[in-house]
Amino acid sequence: MSNSERATAGITEIPRNSLDRDYLRETWRLAALAGSEAEDAASRLEEKRKMFLDEAALRLHEDGMPMSRAEKEARASLNFNRLCEKMHEARRKANDLRIAMQNADRMYWEAVNQDANTRAEMRLQR
């Protein structure tokens, strides 16, 4: 066991005040980053879906199938449906993370308002 491991072995996590602005700001930042990554993943899957559909329809059309029929066949394929399910799941995750980010933002501003109210009450009590 290293010196730093021994030094930190007995330390438990410091409890955080749920109204600590730095903690709330960091919570929001992490939620925003996670939301951004999820949004990027969902957008990439949407683009991939479009490319897959175009490529599959083109392949079928080159094999002699009329383009309108080729597009319908491509949309009906199992691979296309799997890709759509992944895309919808990624979009749902991005939306959930956006809600978490908005909630973290709301919590931050509630703390700011509570601090302002406390200061105003202290001024009135003088």
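**Note on aromatic pairs, helix contact and nonpolar cores**

1. The count of aromatic pairs comes to two. The model is a predicted one, and the points below should be read as descriptions of that model.

2. The pair formed by Phe 52 and Phe 80 is stacked, with 6.1 Å from centre to centre and 20° between the planes. The angle falls under the 30 degrees set for stacking, and the centres lie within the 6.5 Å required of a pair. This pair joins distant parts of the chain: Phe 52 belongs to helix α2 (residues 21-62) and Phe 80 to helix α4, 28 residues apart.

3. Are the two rings of this pair buried or exposed? Phe 52 has 22% relative accessibility, so it counts as partly exposed. Phe 80 has 6% and therefore counts as buried. The cut-off for buried is under 20% relative accessible area.

4. The other pair, Tyr 108 with Trp 109, is edge-to-face, at 5.0 Å centre to centre and 85° between the planes. Tyr 108 is buried, because its relative accessibility is 14%. Trp 109 has a relative accessible area of 45%, so this residue is partly exposed.

5. Helix α3 (residues 67-76) and helix α4 (residues 78-124) have axes that come within 5 Å and cross at roughly 60°. The crossing angle therefore makes α3 oblique to α4. On the α3 side, the residues that meet α4 are Ala 74, Arg 75 and Ala 76; on the α4 side they are Leu 78, Phe 80 and Asn 81. Sorted by class, this contact has four nonpolar residues, one polar and one charged.

6. Which residues make up the largest nonpolar core? It has seven: Leu 53, Ala 56, Ala 57, Ala 70, Ala 74, Phe 80 and Cys 84. The elements giving two or more residues to this core are α2, α3 and α4, and the largest share, three residues, is that of α2. Phe 80 thus appears in the stacked pair, in the contact of α3 with α4 and in this core.

7. Leu 53, a member of the largest core, is in contact with Glu 71, Ala 74, Arg 75 and Phe 80, once its neighbours within four places in sequence are left aside. Of these partners, Ala 74 and Phe 80 are listed in the core as well.

8. Another core, of five residues, lies apart from the largest one; its members include Ala 42, Leu 45, Leu 83 and Ala 90. As general background, nonpolar side chains tend to be buried together in soluble globular proteins.

Notes
Residues numbered from 1 in each chain as written. Predicted model: local features only at pLDDT ≥ 70, side-chain atom pairs only at ≥ 80, totals over all residues. Heavy atoms only, no water. Axes fitted to C-alpha atoms, helices over the stretch in contact; angles between N-to-C directions. Helix = DSSP H or I, 4+ residues; strand = E, 2+ residues; numbered from the N terminus. Parallel < 35°, antiparallel > 145°, perpendicular 65-115°, else oblique. Contact = heavy atoms within 4.5 Å. Nonpolar A, V, L, I, M, F, W, Y, C, P; charged D, E, K, R; others polar. Phe/Tyr/Trp six-rings, centres within 6.5 Å; stacked < 30°, edge-to-face > 60°. Buried < 20%, exposed > 50% of the residue type's maximum accessible area, 1.4 Å probe, protein only. Core = buried A, V, L, I, M, F, W, Y, C linked by side-chain atoms within 4.5 Å.
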